[in-house]
Amino acid sequence: MTLRSFDIDAPRWDQSTFMGRLNHFFNITDWRTVAVPDSRLDEAKALVGSCRAGSVPPGTTEEQLHYAKKLYDTAFHPDTGDRMNLIGRMSFQVPGGMAITGFMLQFYRTVPAVVFWQWVNQSFNALVNYTNRNAASPITPKQIGVAYVTATSTALATAVGLNLFTKKAPPLVARWVPFAAVASANCVNIPMMRQQEILNGIAVTDENGNKLGHSTKAAVKGITQVVVSRITMAAPGMILLPIIMQRMEKYKFMQRITFLHGPIQVMMVGAFLVFMVPAACSLFPQRCSMAVSKLEPELRDSIVSQYGDAVQRVYFNKGL
């Protein structure tokens, strides 16, 4: 194979298997890429475009093409091709998530601290959800505001309510309050941020990418998978780390360095997220599919009338 005929969009790993998707997401959620300057990202985009056009610059190696595609997938939206904001990229989940989650787990005892860190977390999540939405379904600034306020209110109500409720509960139960708040907010934040897809449907195509229409059922399936992935992403660190910290804090050396408990939790959350971000993103295929028989009757009948039995499944981008 010559580089001129190199298919840069062909998956390097089998996307139908979990391990194949895991390798893919380890590649594109690499937190080190957040330090790559915009000029280098634009160069990578240009190289990907040249390769797609069949005009690979002389002297370009296959390794350089793979790295350019990695940077492109990391920093540019799959629907629009526009460069995504840095904080909203999945590659920023490790540095951003480890700092916010670490401090949520450390400062859980007082209501003001709970309110502040839940607000910070939901602001971060709202930006991530907006950045990784299915861009084929536009959302208005008003809808973004409503989604943000609703999700933040849900997180705060859950966190503050449980914080007060667990005053007399075992200490470990109180440490799990941040996870309960994060999980409940994700169940609100993501659907609200992507409400246009639920109301108007998401674009679905055949296996070859030919547009067939819009489906609300496909949107619900994709968004549900994203909610499950996000909760799974946070769960190990936010459930296991409180157990680890509670046991560690019994040792005298930990009691002498209470001022380091926050940074220690931040680093430990980072260790969880390095694996859990790609693992959670890999739970479901990025190119989601659904049987035609499970679509809305109108869309199903339209597809059957045009294509008969030739189209058995529809495909769509579920977002991240």
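**Packing around helix α4**

In this predicted model, the buried residues of helix α4 pack against five named helices: α5 (111–131), α7 (171–175), α8 (177–193), α10 (216–248) and α12 (261–281). The residues of α4 that count as buried are Gln93, Val94, Gly96, Gly97, Met98, Ile100, Thr101, Gly102, Met104, Leu105 and Gln106. Most of α4 is thus covered, with 11 of its 14 residues buried. The helix covers residues 93–106, and the distance from its first C-alpha to its last is 19 Å, close to the 20 Å expected at 1.5 Å a residue.

The secondary structure of the protein as a whole consists of 13 helices and four strands. Along the principal axes, the C-alpha trace spans about 65 × 55 × 35 Å. The radius of gyration is 22 Å, which agrees with the value near 20 Å for a compact globule, because the protein has 320 residues. Among contacts with a separation of 6 or more, 76% join residues 24 or more positions apart.

Burial and surface composition were also computed for the protein. Of its 320 residues, 49% count as buried. The accessible surface comes to about 15,400 Å², and carbon and sulfur atoms contribute 63% of this area. With regard to charge, the protein carries 31 positive and 20 negative side chains. The centres of these two sets lie 14 Å apart.

Note on methods: Residues are numbered from 1 along each chain as its sequence is written. This is a predicted model: local features need pLDDT of at least 70, side-chain atom pairs count only at pLDDT 80 or more; totals for chains, interfaces and linings use all residues. Side-chain values use heavy atoms; hydrogens and water are left out. Helices (H or I, at least four residues) and strands (E, at least two) are DSSP runs, numbered from the N terminus. The radius of gyration is taken over C-alpha atoms; the globule rule is 2.2 Å times the number of residues to the power 0.38. Buried means under 20% relative accessible area, exposed over 50%, partly exposed in between (1.4 Å probe, protein chains only). Contact means heavy atoms within 4.5 Å. Accessible areas come from the Shrake-Rupley method with a 1.4 Å probe; for residues, only the protein chains shown count as cover. Lys and Arg count as positive and Asp and Glu as negative; His and the chain ends are not counted. The place of a charge is taken as NZ of Lys, CZ of Arg, CG of Asp or CD of Glu. The expected span of a helix is 1.5 Å times one less than its number of residues.
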